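I wanted to go through this chain one feature at a time and write down what I looked up as I went. The entries below are kept in the order in which I made them.

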Amino acid sequence: MTQISADARWDRVLTLSDGRTLAFTDVGDPLGYPIVFGHGMPGSRLEGRFFDEKAREHGFRILTPDRPGIGNSDFQPGRKLLDYPADIEQLADSLELARFSHIGWSSGGSRTLACCYRLADRVDLGVCLSGLTHFAEYPGSGGLVQATRWPGPQLVRLSPRLTRLAVTLIAWLSRRHPGLYLKGAEEMASRHDRQLLRKLLSDGEFQRDQLMCLNSGGRAITTDLLTELGNWGFSLRDVRTPVFIYQGEEDPFVPMDYARHLAKNLPVAELTPMPGLGHLYPLCRDFQDQLFQRLTRQLDRHQTKESQTPS
């Protein structure tokens, strides 16, 4: 596994029950309310660091694991989506977290919903930031290729082997020509995203996050995509945890219809369309302020309700 140097101040590792290493970053307020953050694809544990400053200001602790095979986490053969909350449960146990919330950005959205479903007794709230929907329940095909240029659910259903070949080629080209990869991402981005991306590229942190994932290789990335684009092993209607859904109206990668489908089929969900915003808004500090303020209000209401419930 190729490793990219990261800051030891943030990096942590956990040995899971099956012997695998789970790498994660631990940022924000160390004594704050815990939030597990699910990174995008491509993405890695380094994404959590973009939330450090605002998380500290608002009293949140952000834990961002590399998913299996990505970054410094060991690969897990035969992985399914519901294996993710099993890893998160062990992470929470190791840190003695009785309760927490989960935020997922892009490909991390499906992981948020998996935790809301499987760990409902511990997850207070889920937040999907421009996440994909469950294509096994979605009336459309989802396409052969996503706007991100990664394979789509239709190609996954047609041929997992072809999907792996395509992902391996895309990852190899992106590693060999990172400048072209980032230029392509900028060209596809919305106007707001382009402005934000220029700022993110200035210090190299965004590039490191992307390359951390791309250097993980085709097998790990393909497995990660297959767990999301195939059948999740549960239905959206079975997710009883409250979920906040955010979606940029100018997102070139994730259609608004996916967010509407989630909002329509999740039992307890609130959709917040983001006019004028694309896909990168979670990295905007103004949005982070708004999000953390909303989470604080929601969690305060939840705590008040719990305290009033007869034992």
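These entries go from the whole chain to strands, helices, aromatic rings and one loop residue.

**Entry 1: the whole chain.** I noted at the start that this is a predicted model, and I read everything below with that in mind. I counted eleven helices and eight strands in the protein chain. I then looked up burial and found that buried residues make up 56% of the 311 residues. For contacts in the protein chain with a separation of 6 or more, I found that 76% are between residues 24 or more positions apart.

**Entry 2: strand 2 and its partners.** I turned to strand 2, residues 21-28, and asked how many of its eight residues are buried. Seven of them are, so I recorded strand 2 as largely enclosed by the rest of the structure. On one side of the bookkeeping I have strand 1, residues 11-15, which pairs with strand 2 in the antiparallel sense over five bridges; within that pairing, Leu14 has Leu22 of strand 2 as its bridge partner. I also checked the connection, and strand 1 and strand 2 form a hairpin with five residues between them, where Gly19 in the turn has a positive phi of about 95°. The other partner I looked up is strand 4, residues 60-65, which runs antiparallel to strand 2 and is joined to it by five bridges, with Gly28 standing opposite Arg61 of strand 4.

**Entry 3: helix 2 against helix 3.** Next I asked at what angle helix 2, residues 83-94, and helix 3, residues 108-118, pack. The angle is about 70° and the axes are 8 Å apart, and since angles of 65 to 115 degrees count as roughly perpendicular, I entered helix 2 and helix 3 as roughly perpendicular to each other. From helix 2 the residues in the contact are Tyr84, Pro85 and Ile88, and they meet Arg111, Ala114, Cys115 and Arg118 in helix 3. Sorting the residues of this contact by type, I obtained five nonpolar, no polar and two charged.

**Entry 4: aromatic pairs.** I searched the whole structure for aromatic pairs and found ten. I followed up Tyr33 and Phe60, which form an edge-to-face pair at 6.1 Å centre to centre with 90° between the planes. This pair links distant parts of the chain, as Tyr33 is in strand 3, residues 33-38, and Phe60 is in strand 4, 27 residues apart. I then asked whether each of Tyr33 and Phe60 is buried or exposed. Tyr33 is partly exposed, with a relative accessible area of 21%, whereas Phe60 counts as buried at 2% relative accessibility. A further pair I looked up is Phe135 with Tyr138, whose ring centres are 6.0 Å apart and whose planes are at 90°, so I classed the pair as edge-to-face. Phe135 and Tyr138 are both buried. Returning to Tyr33 and Phe60, I noted that they form one aromatic cluster together with Phe292.

**Entry 5: a loop residue.** Last, I asked where Ala98 is found. Ala98 is in the loop between helix 2 and strand 5, residues 100-105, and I recorded Ala98 as exposed, with a relative accessible area of 60%. I also looked up its distance to Arg122: Ala98 and Arg122 are 24 residues apart in sequence and 6.5 Å apart in space, C-alpha to C-alpha.

Methods:
Residues numbered from 1 in each chain as written. Predicted model: local features only at pLDDT ≥ 70, side-chain atom pairs only at ≥ 80, totals over all residues. Heavy atoms only, no water. Axes fitted to C-alpha atoms, helices over the stretch in contact; angles between N-to-C directions. Helix = DSSP H or I, 4+ residues; strand = E, 2+ residues; numbered from the N terminus. Parallel < 35°, antiparallel > 145°, perpendicular 65-115°, else oblique. Contact = heavy atoms within 4.5 Å. Nonpolar A, V, L, I, M, F, W, Y, C, P; charged D, E, K, R; others polar. Buried < 20%, exposed > 50% of the residue type's maximum accessible area, 1.4 Å probe, protein only. Pairing = 2+ DSSP bridges. Phe/Tyr/Trp six-rings, centres within 6.5 Å; stacked < 30°, edge-to-face > 60°.
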